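Here is a short report on one protein chain. Look at the sheet first, then at the charged side chains.

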Amino acid sequence: MLQSESELFEVLKLIYREMDKRSVPEATYYALEQMNHFFQSDGAVVYTTHNSRLFPEYEAILNTSLYPLPLLSPQWLNEVKASDKYIHTNPLSSPIIEPFKNMPATHHIVVPLEYKDLQLNGALVVFSDKPFKHHHYITPLITLIGVMLAQKQPASKVQEEGVLYRTDQVRRQQAEFMRLAKDERLNSVDLVPAMRMLCESTAHTLGASRTSIWLKEKDQYSSYFENVTSYSSETRSHSKVEPLRKDEHPTYFEAIEEERTVSIDNTTLDHRVNEFQDVYFHKNNIHALLDAPILCNGKSIGVLCVEHTKPRHWTFEEEAFVSSIADLTAFVLEHIERKKAEDEIRNLAYVDPFTQLPNRNQMEAYMEEKIAQVDEQVDTFAAIYIDLDQFWKVNEALGYKVGDQLILAITKRINHLLEDGEHLGRLNGDSFLILTRVTPEQHALYRRIQTFKDAFKEAFTVNEQCLYLTCSFGIAFYPEHGDYSGVLIQNAHRATYEAKHRGRNGLQVYQDSMEHQSKERLIFEMNLMQGLQEGQFQLYYQPQIDLHTKKIVGMEALIRWHHHEHGLISPADFIPLAEITGHIVPIGEWVIQEAAHQLKEWNEMGHKSLTVSVNISPRQFQQGNLPEVIQEAIANTGIDPSSLIIEITESLAMENQERIMKQMDAIRDLGCCIAIDDFGSGYSSLRYLQHFPIQSLKIDRRFVENIHSNQKDAAIARTMINLAKSLELTVVAEGIEEIEQLKTLRKMNCHHIQGYFISRPLPVQDITTWMEQYPL
């Protein structure tokens, strides 16, 4: 399942072997060292009681000079036990942590070790100057260490036999824990089967009468525990029980939220469950209870409940085992939620969120699949590019909402015409792509295209208005016009432009003779370098605002080209060409230097906390010297490296990941921040979010456009924001054009926003004036 669990398995196996091979002290030292490694802690020490005094008997500390161990009084151990908690962490104000306040460590775990019948009385303390890794897994580890310590110098044959029995019990319980964690059923996104398996195993391992799992929910009245499943050992069956409400059982709720385990040997004698006597225990003949909270990020999200029909003394090992299963349950729940989020975001990478049609990524995947399967001797396939003629006029005359409804009507009509084996996708706002099989009788393809053309002869009814629209078709054949998906789509697109050039509402097959575009591109390419040399490029800046403080927190640098003949040229028109030709590298270096110099000027004007974001193209990122370029810009200007944010796209993050990771690490080492631009529009793999040194995500504008009116868009945006926050990433939403979008994002606790509602991109002089006049 999770990486942390597999690490835990190895640690437990090693400790098992050491218990067999070494003496108890040697095995204990080894166990503490392994625990330090697993938790990434600085040290661990076991305090034991001799003659009513506490001594640090076993130590595994990385740097003993930095960690002089304090002497502890018996009263300290009494406080540990009196708190009724199994794990204690910060704050330092806690009397339990107080003796360690002079140590460099800022994070602590304190666990009582108490085996009265085995004459063991003490505590384990683990400490570190940084947060622990996998700290919830202390339960199975500490159980093993406690049993090993209990083996030391038993006072009698009876006690020695008791130690051996307890050791065997722990081994069997931990073996069952590892078997469960490795079970493939816990990898499923189906909650109930996984929870049933955990309940059954817990009941059989402990010989308990009933085991159940409850998850915390909340409604307008109060919190309550919803029963996921309840397993009976007697009937070997599962059932569901009525929810438990906090307002009806406040004492129990307080206990399960505050204590590591609620261990009750006799339910009739414990005040914490008085509220259950008549409504639950008597009715179900329950006399003993062992409950462990299911913890996520230190907060209780549910409870694992073990019940028995007779009074029963729960041992330390049984409490630890139930805590281990509760921890495992928490990781299963976290895994399920993460997998659902990953599936949802992965779906975004391949589905157009508005029409639910395959997007460009998915269509390219379909094409590559067809290329792998096609037999050129039998059949081939064609890419049919459909571009709606003058669709922009509909948006301009009737509004974007009407335009959106028209797109949906067109999608529905074309979908109804598709035959088996054909795929329809949406490439952008007014462009579609159809993949269809081509037989040796090629005229059949033209009959199919005519069918699609005829579909546009009938009016589309939108909001009781009849709208007529034509479209232009471009065709590219595999393999005649390209041997992979990108080329085929590009050539089909070129053919479509030729059809439009000839008068729209037409059909054009791609031809190699369409060279005029190449000539224009060559002229354009020559002008690119001339523009850079003559200072025709200029940076515009768009502000980013903190949604909660309303302060200006940053600027995004956006390049513009003031051509000497054609005027202002959009980056969408020249960046793709610069990328292909390689001119994007010197242009990108100029952007970084220019943005750094401008940031320095703003700093000198008093805008000390401002950041500037720079978009880095894939070609520039892969060049290899990007960290050096950034370092030079920082050195030349003296700006704070953390104020320079490097933005990359999702697709770039997924390409040649090892090389990209090295580049990112080098940029991070400079002190710069890295952001993922247009999050949700590319591959959206969660792997790079976990492992790449990323500090920020920018949500693609298409998920913001209808966030206040479309529930699906709102759900997607909320998922992205929550996912980013769980990974401690800053979230920036771009494309804010309306106050409703801003309000919705504020409710979702989005960090920063940018868009035309705040300000359109402006040249330096205008944006500087805007900043000076911005109301704080």
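In this predicted model, one open sheet has 5 strands in the order 13-14-12-17-18. Its pairing is mixed. Strand 13 (423-428) and strand 18 (507-509) stand at the edges. Each has a single partner strand, so one side of each is left without a neighbour in the sheet. From one strand to the next, the twist averages 25 degrees.

What holds such strands side by side? Strands of a sheet pair through backbone hydrogen bonds, either parallel or antiparallel. Here, strand 12 (residues 380-388) and strand 17 (residues 471-478) run antiparallel, joined by 8 bridges. Find Ile-384 and look across to strand 17: the bridge partner there is Ile-475.

Two helices belong in this picture. Helix 13 (residues 443-454) lies across strand 12, strand 14 (431-438), strand 17 and strand 18. Helix 13 runs at about 155 degrees to strand 17. Helix 14 (residues 485-501) also packs on the sheet, touching strand 12, strand 13, strand 14, strand 17 and strand 18. The direction of helix 14 makes about 145 degrees with that of strand 17.

Now step back to the protein chain. It comes to 25 helices and 28 strands. Of its 776 residues, 52% are buried. The accessible surface comes to about 36100 Å², and carbon and sulfur atoms hold 48% of it. Take the contacts with a separation of 6 or more: 65% of them are between residues 24 or more positions apart.

Next come the charged pairs. How many salt bridges does a search of the whole structure find? The search finds 17. The table lists some of them.

| Salt bridge | N to O distance |
|---|---|
| Glu-318 and Arg-312 | 2.9 Å |
| Glu-647 and Lys-698 | 3.2 Å |
| Arg-668 and Asp-665 | 3.5 Å |

Glu-647 and Lys-698 link distant parts of the chain. Glu-647 is in strand 23 (residues 644-649), Lys-698 is in strand 25 (residues 696-699), and they are 51 residues apart. Both are buried. They also belong to a network of salt bridges with Glu-556 and Glu-734.

Are Glu-318 and Arg-312 buried or exposed? Both are buried.

Arg-668 and Asp-665 both lie in helix 21 (residues 657-669). They are 3 residues apart, about one turn of the helix. Arg-668 has a relative accessible area of 38%, so it is partly exposed. Asp-665 also counts as partly exposed, at 23% relative accessibility.

Notes:
Residues numbered from 1 in each chain as written. Predicted model: local features only at pLDDT ≥ 70, side-chain atom pairs only at ≥ 80, totals over all residues. Heavy atoms only, no water. Pairing = 2+ DSSP bridges. Helix = DSSP H or I, 4+ residues; strand = E, 2+ residues; numbered from the N terminus. Axes fitted to C-alpha atoms, helices over the stretch in contact; angles between N-to-C directions. Contact = heavy atoms within 4.5 Å. Buried < 20%, exposed > 50% of the residue type's maximum accessible area, 1.4 Å probe, protein only. Areas by Shrake-Rupley, 256 points an atom, 1.4 Å probe, with all protein chains shown as cover. Salt bridge = Lys/Arg side-chain N within 4 Å of Asp/Glu carboxyl O.
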